[in-house]
Amino acid sequence: FKIERAFFVKGNKGSTRGDHAHYKCCQFLICLNGIIEVYCDNGNTEKKYILNNFNKGLLIPPLVWAKQYYQSENSLLAVICDMKYKESDYINNYDIFKEKVYDDENFN
């Protein structure tokens, strides 16, 4: 995809980040240092991924709830996005996320 924004997130063991979904933004996550567990939820299925190698990444499409758990000190996550930052693209409430996923499934 076309890269519109990139940023880095540093975390220590026990910290969490994410805990949201996006309406339209697609993100590619790469762990540059440490170990990061990423939980993804598409409204029907939850899956856990382990990021611990900068040679592999995880593509998170829109309407997937994601949360990152940092498993080691000085973990560093690179996040590459196909959209510039737009506050209105974030879904920060899980109940609203579930309603949106349900509405989209029934619309198609």
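Here is a friendly exchange about a predicted model, going from its sheet to its cores and its side-chain pairs.

Biologist: In what order do the five strands of the open sheet stand?

Modeller: Since the model is predicted, take this as a description of the prediction. The sheet is open and its pairing is antiparallel. Strands of a sheet pair through backbone hydrogen bonds, either parallel or antiparallel. Here the order is 5-4-7-2-9.

Biologist: Which strands stand at the edges of that sheet?

Modeller: A strand at the edge has a single partner strand, so one side of it is left without a neighbour in the sheet. That describes strand 5 (46-51) and strand 9 (90-91).

Biologist: How many bridges join strand 4 to strand 5?

Modeller: These strands run antiparallel. Among the bridge partners, C40 is matched with K47 in strand 5, and V38 is matched with Y49 in strand 5. The number of bridges joining strand 4 to strand 5 is six.

Biologist: Which residue takes a positive phi in the hairpin of strand 4 and strand 5?

Modeller: The hairpin has four residues between the strands. The positive phi there is near 100°, and the residue that takes it is G43.

Biologist: Which residues touch the most other members of the largest nonpolar core?

Modeller: In soluble globular proteins, nonpolar side chains tend to be buried together. The largest nonpolar core in this model has 17 residues. Strand 3 (27-33), strand 4 (36-41), strand 6 (57-60), strand 7 (65-70) and strand 8 (75-81) each give two or more residues to this core. The members that touch the most others are L29, V38, L51, I60 and L77.

Biologist: Leaving aside neighbours within four places in sequence, which residues is L51 in contact with?

Modeller: L51 belongs to the largest nonpolar core, and so do L29, V38 and L77. Those three are among the contacts of L51. The full list is L29, C31, G34, I35, I36, V38, G57, L58 and L77.

Biologist: How many residues make up the second, separate core?

Modeller: This core includes A21, I91, F97 and V101. One of them, F97, counts as buried at 0% relative accessibility. The size of the second core is six residues.

Biologist: What are the parts of the chain linked by the aromatic pair of Y39 and Y69?

Modeller: The structure holds five aromatic pairs. Y39 and Y69 form one that is edge-to-face, with 5.2 Å centre to centre and 85° between the planes. Y39 is partly exposed, with a relative accessible area of 32%, and Y69 is partly exposed at 28%. The pair ties together parts that are 30 residues apart in sequence, because Y39 lies in strand 4 and Y69 in strand 7.

Biologist: Which residues do ring pairs link into a cluster?

Modeller: One pair, W65 and F97, is tilted, with 5.5 Å centre to centre and 50° between the planes. This pair links distant parts of the chain, with W65 in strand 7 and F97 in helix 1 (residues 94-107), 32 residues apart. W65 counts as buried at 8% relative accessibility. The cluster is made of W65, Y94 and F97.

Biologist: Is Q27 buried or exposed?

Modeller: Q27 is found in strand 3. Not counting residues up to four places away in sequence, Q27 touches R5, F7, H22, L58, L59, I60, V79, I80 and C81. The side chain of Q27 also makes a polar contact of 3.5 Å with the side chain of H22. With a relative accessible area of 9%, which is under the 20% cut-off, Q27 is buried.

Biologist: Which residue forms a salt bridge with E4?

Modeller: E4 is partly exposed, with a relative accessible area of 30%. Its partner lies in the segment before strand 1 (5-11) and is exposed, at 63%. The closest N and O atoms of the salt bridge are 3.4 Å apart, and the partner is K2.

Biologist: How many residues apart are D19 and K67, which form a salt bridge?

Modeller: A search of the whole structure finds two salt bridges. In the one formed by D19 and K67, the closest N and O atoms are 3.8 Å apart. D19 is partly exposed at 35% relative accessibility, and K67 is partly exposed at 22%. D19 is in strand 2 (residues 16-22) and K67 is in strand 7, and their separation along the chain is 48 residues.

Technical notes
Residues are numbered from 1 along each chain as its sequence is written. This is a predicted model: local features need pLDDT of at least 70, side-chain atom pairs count only at pLDDT 80 or more; totals for chains, interfaces and linings use all residues. Side-chain values use heavy atoms; hydrogens and water are left out. A nonpolar core is a set of buried Ala, Val, Leu, Ile, Met, Phe, Trp, Tyr and Cys residues joined through side-chain atoms within 4.5 Å. Buried means under 20% relative accessible area, exposed over 50%, partly exposed in between (1.4 Å probe, protein chains only). Contact means heavy atoms within 4.5 Å. Two strands pair if DSSP finds at least two bridges between them. Rings of Phe, Tyr and Trp (its six-membered ring) pair if their centres lie within 6.5 Å; planes under 30 degrees apart count as stacked, over 60 as edge-to-face and the rest as tilted. A polar contact is a pair of N or O atoms within 3.5 Å; within protein, one must be able to donate a hydrogen and the other to accept it, and residues adjacent in sequence count only if both atoms are side-chain atoms. A salt bridge is a side-chain nitrogen of Lys or Arg within 4 Å of a carboxyl oxygen of Asp or Glu.
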